[in-house]
Amino acid sequence: MFCDTHCHLFKEYYDDVEELIRNAYQNNVDRMIVSGCDMASNREVLELIKHKEIFGTLGIHPEEVHDYKQEDLDFLEENLSNSKIIAIGEIGLDYHYDKESKEKQIELFEYQLKLAEKYKVPVVVHSREATNDTINCLKKYQVKGVIHSFSGSLETANIYLKMGFLLGVNGVITFKNCNLKEVIERIDLSNIILETDSPYLTPVPFRGKRNEPSRIMNIADFICELKGVSRENLAKITNQNIGRVFDI
Ligand code: NI
């Protein structure tokens with residue numbers, strides 16, 4: 001059985017979460033980690049984790065940099081003691097649409113890294129067109145975790161691995177014209193975990209359709225083929241990897 005280590009099963013995207021969970025279970029996905037991004041989704045995470053198959057992370061995403069309030073960060077901190085909240089995320093830096101807010105994004109990111117260090121919880125990191133700043137921020141704190149939706153170069157991958165991070169691999173690996181396949185080919189399986197990032201990044205051959213946790217199997221099968229391992233071995237190795245970073 002596999003774990004979808006990063007998905008957003010929120011009302012904004014789905015009105016059939018119960019069905020999604022059943023569907024996941026029927027497709028060899030028995031655990032899911034839902035990732036909050038703002039106050040509304042963080043509140044939903046706290047509801048979703050009442051399902052026994054679901055774990056959660058709470059965080060303020062860099063896209064919220066203009067909208068978040070201090071009380072949102074306080075709410076996050078107050079709920080870290082919940083045993084099914086297993087990390088702070090998704091947090092990080094995203095310069096794709098908004099370079100002007102660099103400093104403010106770094107401030108928000110570092111605030112949450114500081115919390116992770118203080119409470120000794122891992123982090124789920126979002127980094128888009130911001131590799132150097134992400135690495136510099138992470139290096140300032142004693143934190144571990146996962147680089148979610150990793151799609152960088154082999155060199156970047158090795159920097160993160162040296163720092164003790166895992167790489168979250170999703171449907172992007174199945175896309176044509178993407179170098180992630182070549183990077184993952186050269187990386188030991190002990191360094192990766194699987195995620196869908198549902199509802200986004202639907203793997204081939206379902207691109208254009210809504211993504212959901214059961215599609216972990218399309219990503220898994222792609223990696224099995226790429227790395228020459230069985231489903232059973234890939235599940236075993238990735239579950240061990242998850243256990244190294246997350247307390248689930
Ligand atoms: Ni995400």
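Which exposed residues does the face of α5 turned away from its buried side carry? In this predicted model, that face carries Asn-132 and Lys-139, and the sections below take up helix α5 before turning to the nickel site, His-148 and Phe-75.

## Helix α5

Helix α5 spans residues 131-139, and its buried residues are Thr-134, Ile-135, Cys-137 and Leu-138. Seen down the helix axis, these buried residues fall within an arc of 165 degrees, so they line one face of α5. An α-helix has 3.6 residues a turn, so residues three or four places apart point the same way.

The buried residues of α5 pack against several elements, among them the strands β4 (85-94), β5 (123-128) and β7 (165-169). The helices α4 (102-119) and α6, together with β6, also belong to the elements against which these residues pack.

## The nickel site

The nickel ion is coordinated by the NE2 atoms of His-6 and His-8, by an OE atom of Glu-90 and by an OD atom of Asp-197, at 2.1 to 2.3 Å. The four donor atoms subtend angles of 76 to 171 degrees at the nickel ion, which makes the arrangement irregular, since four donors count as tetrahedral only if all angles lie between 85 and 135 degrees.

Along the sequence, the donor residues follow the spacing H-x1-H-x81-E-x106-D. His-6 lies in strand β1 (residues 2-7) and Glu-90 in strand β4, so this pair ties together parts that are 84 residues apart in sequence. His-6 is buried, with a relative accessible area of 1%, and Glu-90 is likewise buried, with a value of 3%.

## His-148 beside the donors

His-148 lies in the loop between β6 (145-147) and α6 (154-162), and this residue is buried, with a relative accessible area of 4%. The side chains of His-148 and His-6 are joined by a polar contact of 3.4 Å, and His-6 is one of the residues that coordinate the nickel ion.

Leaving aside residues up to four places away in sequence, His-148 touches His-6, Glu-90 and Asp-197, and also Val-124, Val-125, His-126, Gly-168 and Glu-195.

## Phe-75 in helix α3

Phe-75 lies in helix α3, which comprises residues 70-78, and Phe-75 is buried, with a relative accessible area of 13%. When residues up to four places away in sequence are not counted, Phe-75 touches Met-39, Asn-42, Arg-43 and Leu-46. Of these contacts, Met-39 is 36 residues from Phe-75 in sequence, while the C-alpha atoms of the two residues are 8.4 Å apart in space.

Note on methods: Residues are numbered from 1 along each chain as its sequence is written. This is a predicted model: local features need pLDDT of at least 70, side-chain atom pairs count only at pLDDT 80 or more; totals for chains, interfaces and linings use all residues. Side-chain values use heavy atoms; hydrogens and water are left out. Helices (H or I, at least four residues) and strands (E, at least two) are DSSP runs, numbered from the N terminus. Buried means under 20% relative accessible area, exposed over 50%, partly exposed in between (1.4 Å probe, protein chains only). A polar contact is a pair of N or O atoms within 3.5 Å; within protein, one must be able to donate a hydrogen and the other to accept it, and residues adjacent in sequence count only if both atoms are side-chain atoms. Contact means heavy atoms within 4.5 Å. The arc is that of the directions from the helix axis to the C-beta atoms. Donors are N, O and S atoms within 2.8 Å of the metal (3.2 Å for Na, K and Ca); water is not among the atoms, so sites may look incomplete. Four donors count as tetrahedral if all angles lie between 85 and 135 degrees; four count as square planar and six as octahedral if opposite donors are over 155 degrees apart and all others between 65 and 115; anything else is irregular.
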